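Welcome! Below are some short exercises, each followed by a worked solution. Take a look at the structure, then try each task before reading on.

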Amino acid sequence: MSTPSGPGTTGPLESRPGAHASRPELAPGADGEPPPGPGSVGYRAVFAVREFRAVFAAHLVSMLGEMVGQIALSVLVFRLTGSPLLSALTFATSMLPYVIGGALLSAVADRFPARRVLVVCDLVHAACVAAMVVPGMPVAALLALRCVPAAISPVFSGTRSATLGDILGEGDAFVLGRSVLRITSQTAQLAGFGVGGLLLAAVSPRVALALTAAALVGSALVLRFGTRRRPARRLTGGGAPPATAGRWPLLGDSLSGIRRLFADRRIRALMVLSWVPPMFVVMPEVLLTPYSDGLGLGAVGLGLLMCGMPVGAITSEALVGSLLGPHARTRLTLPVGVAAMLPALGYAAHPSFGWALALQVLTGCGIAYHLGLDQWFFAAVPDELRGRAMTVMTAGLMTSQGLGMAVSGAVAEVVPVHVVAATAGGCGALCSLLVALEVRRTASGPVRTEV
């Protein structure tokens with residue numbers, strides 16, 4: 001199955017009347033040079049834009065700090081309580097509040113200048129981490145402080161993604177810019193956890209948290225002085241405002257934006273496509289600890305299994321982004337998105353360590369479907385909704401993955417782990433196929449349902 005091709009059906013821009021009119025011209029970079037054009041540009045051209053280099057540097061610094069801080073907080077809570085449950089909750093609280101921020105705060109991404117939103121989010125996150133360093137801080141307060149950055153994180157991610165369109169333009173450069181940030185996140189996950197473990201062997205968890213706060217402040221400074229100030233996106237109407245708009249304009253704008261996004265069949269289908277495959281992909285991954293224990297593997301074997309998916313993701317995304325052009329990537333989007341779940345079927349044979357590692361690497365390769373998906377999504381969303389759309393997409397992605405983890409763990413309490421992993425692969429492939437068919441249907445013809 002492939003996406004429609006040809007000059008009239010390459011993506012949602014052509015399928016939505018008037019979509020071109022809502023797109024601004026390619027914006028110049030921070031130093032005045034034009035961003036890469038709409039054709040296939042390559043990663044090198046993306047890094048040639050000075051303003052993008054600042055966004056990349058800030059992302060790298062903050063991601064490394066975040067990974068180190070996540071481990072440090074988990075270790076700190078465990079040392080204070082001796083409770084595996086409370087230690088695990090430090091990870092859960094980094095995901096669950098995403099849905100709150102995505103639903104109630106999404107309008108922030110469009111109501112205020114992007115640079116201000118990014119800097120303030122980084123500083124609020126840094127302040128919360130810095131507060132964790134205070135001696136005698138109760139565990140409940142530590143978990144509450146972890147919830148605050150998680151609630152604003154989708155706003156930060158959505159604002160940054162929308163800003164990439166201003167920095168790089170709406171063509172292939174935007175797609176590759178998003179790709180670079182995903183590759184950086186996966187790489188930081190590998191390096192950050194390793195560095196965090198080594199760091200905690202030399203310093204206390206509170207010192208590591210202090211370093212995380214410093215990294216976040218550094219990210220805020222890079223964004224403040226490395227990116228241009230741009231005005232807030234104009235919020236346009238679209239039906240009667242919600243009843244909350246008068247008393248709570250931010251909440252009203254957020255809910256109104258979500259309503260408009262889900263009223264568009266094309267946007268709705270693309271958002272679901274961004275959520276469904278990852279939800280099922282994480283199900284086998286979250287069971288790697290009990291699976292490796294069943295194989296008699298030690299900590300090293302488990303660590304290698306955990307590295308499998310990020311290695312596959314980094315490799316596939318870098319190769320697809322470098323070697324294929326925009327048209328080829330869009331043709332691969334739906335087949336790869338569906339096929340990402342198929343390797344998990346191999347768990348039905350209860351594979352040994354080597355085969356299980358190969359399954360994880362192959363599963364990680366499925367992340368490459370996001371390259372074409374980003375191209376479609378950016379084209380489908382009107383400019384004035386772009387920040388909110390990216391925020392909602394991020395919140396839904398994290399929430400769906402958290403739901404997948406919870407369901408997988410609950411089922412594994414009564415069903416063998418390898419059976420749960422294989423079943424997740426089969427169900428995921430089927431659900432992704434149904435979503436992919438809907439995405440394909442919305443590529444041409446009327447796609448908006450007015451409400």
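Buried means under 20% relative accessible area, exposed means over 50%, and partly exposed lies in between (1.4 Å probe, protein chains only). The model is predicted, so local features need pLDDT of at least 70 and side-chain atom pairs count only at pLDDT 80 or more, while totals for chains, interfaces and linings use all residues. Residues are numbered from 1 along each chain as its sequence is written, and side-chain values use heavy atoms, with hydrogens and water left out.

**Exercise 1. Find what joins Asp 172 to Arg 329, and say whether each is buried or exposed.**

Step 1. Recall that a salt bridge is a side-chain nitrogen of Lys or Arg within 4 Å of a carboxyl oxygen of Asp or Glu.

Step 2. Asp 172 and Arg 329 form such a bridge, at 2.6 Å from N to O.

Step 3. Place the two partners: Asp 172 belongs to helix α9 and Arg 329 to helix α15 (residues 326-339), so the bridge ties together parts 157 residues apart in sequence. Helices here are DSSP runs (H or I, at least four residues), numbered from the N terminus.

Step 4. Check the accessibility. Asp 172 has a relative accessible area of 2%, so this residue is buried. Arg 329 is buried too, because its relative accessible area is 2%.

**Exercise 2. Work out which residues share a salt-bridge network with Arg 182.**

Step 1. Start with the partner Asp 374, whose closest N and O atoms to Arg 182 are 2.7 Å apart.

Step 2. Arg 182 sits in helix α9 and Asp 374 in helix α17 (residues 369-380), 192 residues apart. Both residues are buried.

Step 3. Follow the shared partners: Arg 178, Arg 182, Glu 317 and Asp 374 are joined into one network. In the whole structure, the search finds eight salt bridges.

**Exercise 3. Test whether the length of helix α7 (residues 114-132) agrees or disagrees with its expected span.**

Step 1. The expected span is 1.5 Å times one less than the number of residues.

Step 2. Helix α7 has 19 residues, so it should span 27 Å; its end C-alpha atoms are 28 Å apart, which agrees.

Step 3. Now look at its surroundings. The buried residues of α7, among them Val 117, Leu 118 and Met 132, pack against α3 (50-81), α6 (108-111), α8 (139-168) and α10 (205-226).

**Exercise 4. Locate Phe 52 in the largest nonpolar core and list its contacts.**

Step 1. A nonpolar core is a set of buried Ala, Val, Leu, Ile, Met, Phe, Trp, Tyr and Cys residues joined through side-chain atoms within 4.5 Å.

Step 2. The largest core has 65 residues, and Phe 52, Leu 168, Leu 261, Phe 377 and Val 439 touch the most other members. Helix α12 (residues 265-286) gives the most to this core, with eleven residues.

Step 3. Contact means heavy atoms within 4.5 Å. Beyond its neighbours within four places in sequence, Phe 52 is in contact with Val 46, Phe 47, Leu 164, Ile 167, Leu 168, Gly 177 and Val 180.

Step 4. A second, separate core has 20 residues, including Ala 72, Leu 73, Val 139 and Ala 208.

**Exercise 5. Find where Ser 204 lies and how its accessibility is classed.**

Step 1. Ser 204 is in the loop between α9 (172-200) and α10.

Step 2. With 32% relative accessibility, Ser 204 counts as partly exposed.

Step 3. The C-alpha atom of Ser 204 is separated by 9.4 Å from that of Val 75, although the two are 129 residues apart along the chain.

Technical notes:
Helices (H or I, at least four residues) and strands (E, at least two) are DSSP runs, numbered from the N terminus.
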